[in-house]
Amino acid sequence: MNPILLKPSGNSTSQLVLLGQAKEHIAARDYYQHIETLWETVAETLEFWRSRTDVLLLEGAGSPVELNLMHRDLVNLRPIVHLQGRWLLVSDIEKGGVFAQAVGTANLMPQEARSLGLGLIVNKFRGDLSLFSTADQYFQKHLPDLPYLGTLPYRNDLQPESEDSLCGEAEEGGTGAAIAWIRFPFVSNSQDSQPWQLDQGVRTVWVKSVAELRSAKPHAIILPGSKNTLADLRWLKASGLAAEIAKLVHQNAHSKMPVVGICGGYQMLGDRIIDPTGSVGEIGEESGLGLLPMVTRFTATKSVTQTQACITNNSESDTWNTYEIHMGQTQFHSHLTADETGDGLVKVVDKNGDRRDEGVELNHIWGTYLHGLFESGIMREKLTNLAKIHRQQRGAIPWSTHQQKLYDTMAILLENHLDLEPIRQYLSL
């Protein structure tokens, strides 16, 4: 989705991902020396999509008027000026100082960008909206050329999927038996935990220390994705969590602790992770948790695949959308038998219609590269059965349906509280 992605790799450096392809690791200071070359890629991408879509929507990042950064900003004003499109300014009243936010931001824009304003929206108002009823008078006085479109009330029940652990309260919840998710320093795709909130009798807990893990008294442990697998694996060991997980896995022979690894977490479950060229960070290798007999080697090629996952469990079947996004190839040791390498965790159907096993299920240890694994209620119930969580009640609707209802309700909220006519006129709707 982003022509340019900076993937943090530690020590003030990031891996440059250009049009989905991983490039070199680059320090922040050096990255800014390539802005004009990178802008050419951004501009080409914008033109590519402008010629193929009816509406092209760009999501900004942070403030568009960080004055010391504007000359090298590729994600806010420069693209909209290039396209001669229109921008909407959304101010977060929860942070306070909303008039200063809006008026200051608009007035600090260069004139070529300021003239492209389509409207101003105030977001996250808590309490009685009538107390803010005169806001338009002040906005019109100080921003006469920028239409005030209205104020959106805060709705705690309308929280979309969080993004890489940016909203902790959207990722934890529920009551009952705990499933512990490990919050790596470089955690990614943390929204994989959110479908569990549809179910009753299960509690999602994120932990980052041995004390928190013990306090949670989990029935299962999940290692999520990571932006820097080797660094997070080393942190897992240094924090004592790796040893604690091993202890929980082996302490009861009759009721072993289920452990699930997703993407980077899956790679950590093996015997060793090897990065011979520094594809995802520093060159090196690290012993894994040793819970699955396999080795992962990182290469420069990144797997980015949309798939459909399929499962049959206790005479029930389900098919749902998942995706893979990872570097590294995982292989089981060649001398092992089928019994020693386990079964595929699910079946997947790729875009070519080919059907194959994905992931591994070896007794109480699961590993998969699939993000969205637990969007299937059957998949969640399969894990709770393995974890001996007997009071789980599966949500009545699929996660995809829940998400669609959430966005539909958001749309109604926009209709009820904002003047959308300037947007409709611009889009010729």
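**Close-up views of a predicted model**

**View 1. Gln267, a buried glutamine.** With a relative accessible area of 2%, Gln267 is buried. This is a predicted model, and here we zoom in on helix α10 (residues 264-268), where Gln267 sits. A polar atom of the Gln267 side chain lies 3.1 Å from the backbone oxygen of Met327. Leaving aside residues up to four places away in sequence, Gln267 also touches a mixed set of neighbours, including Thr229, Ile273, Met294, Phe298 and Tyr369. Have a look at Gln329 too: 62 residues separate it from Gln267 in sequence, yet the two C-alpha atoms are 9.0 Å apart in space.

**View 2. The largest nonpolar core, with Phe374 in the picture.** This core has 63 residues, and Leu223, Val259 and Phe374 are the ones that touch the most other members. Strand β8 (residues 177-182) is the top contributor, handing over six residues. Off on its own is another core, this one of 22 residues, with Val65, Val122, Ala135 and Phe139 among them. Back at Phe374, the contacts beyond four places in sequence include Trp181, Pro195, Trp196, Ile222 and Trp366. Charged residues turn up in that list as well, among them Asp192 and Arg380.

**View 3. Helix α12, mostly tucked away.** Seven of the ten residues of α12 (residues 377-386) are buried, so the rest of the structure largely encloses this helix. The buried set is Gly377, Ile378, Met379, Arg380, Lys382, Leu383 and Thr384. At the start of the helix, Ser376 brings a side-chain oxygen to within 3.3 Å of the backbone nitrogen of Ile378. Just past the other end, Lys388 adopts a positive phi of about 60°.

**View 4. Thr307 and its threonine partner.** Thr307 belongs to strand β16 (residues 294-313) and counts as buried, at 5% relative accessibility. Its side chain makes a polar contact of 2.7 Å with the side chain of Thr322. Other residues that Thr307 touches include Trp320, Tyr323, Val348, Asp350 and Arg356. That last one, Arg356, comes back in the next view.

**View 5. The Glu324–Arg356 salt bridge.** Glu324 and Arg356 pair up with their closest N and O atoms 3.1 Å apart. Glu324 comes from strand β17 (residues 316-332) and Arg356 from strand β19 (residues 355-358), so to speak a link between distant parts of the chain, 32 residues apart. Glu324 is buried at 8% relative accessibility, while Arg356 is partly exposed at 34%.

**View 6. More salt bridges.** There are 18 of them in the structure. In one, the side chains of Arg214 and Glu244 meet at 3.1 Å, N to O. Arg214 is in helix α7 (residues 210-216) and Glu244 in helix α9 (residues 241-250), so this pair ties together parts 30 residues apart in sequence. Glu244 is buried, at 7% relative accessible area. Another bridge joins Arg424 and Glu415 at 2.9 Å, N to O; here Arg424 is partly exposed at 28%, and so is Glu415, at 47%. Elsewhere, Asp92, Glu94, Lys95, Lys124 and Arg126 are joined into one network by salt bridges that share partners.

**View 7. A nonpolar patch on the surface.** Phe48, Trp49, Leu56 and Leu58 make up this patch, and together they offer about 340 Å² of accessible area. Leu56 sits in the loop between α2 (35-50) and α3 (77-83), and is partly exposed, with a relative accessible area of 33%.

Technical notes
Residues numbered from 1 in each chain as written. Predicted model: local features only at pLDDT ≥ 70, side-chain atom pairs only at ≥ 80, totals over all residues. Heavy atoms only, no water. Patch = residues over 30% accessible without salt bridge, like charges linked within 9 Å, V, L, I, M, F, W, Y side chains within 5 Å. Areas by Shrake-Rupley, 256 points an atom, 1.4 Å probe, with all protein chains shown as cover. Salt bridge = Lys/Arg side-chain N within 4 Å of Asp/Glu carboxyl O. Helix = DSSP H or I, 4+ residues; strand = E, 2+ residues; numbered from the N terminus. Buried < 20%, exposed > 50% of the residue type's maximum accessible area, 1.4 Å probe, protein only. Core = buried A, V, L, I, M, F, W, Y, C linked by side-chain atoms within 4.5 Å. Contact = heavy atoms within 4.5 Å. Polar contact = N/O pair within 3.5 Å; in protein donor to acceptor, adjacent residues only side chain to side chain.
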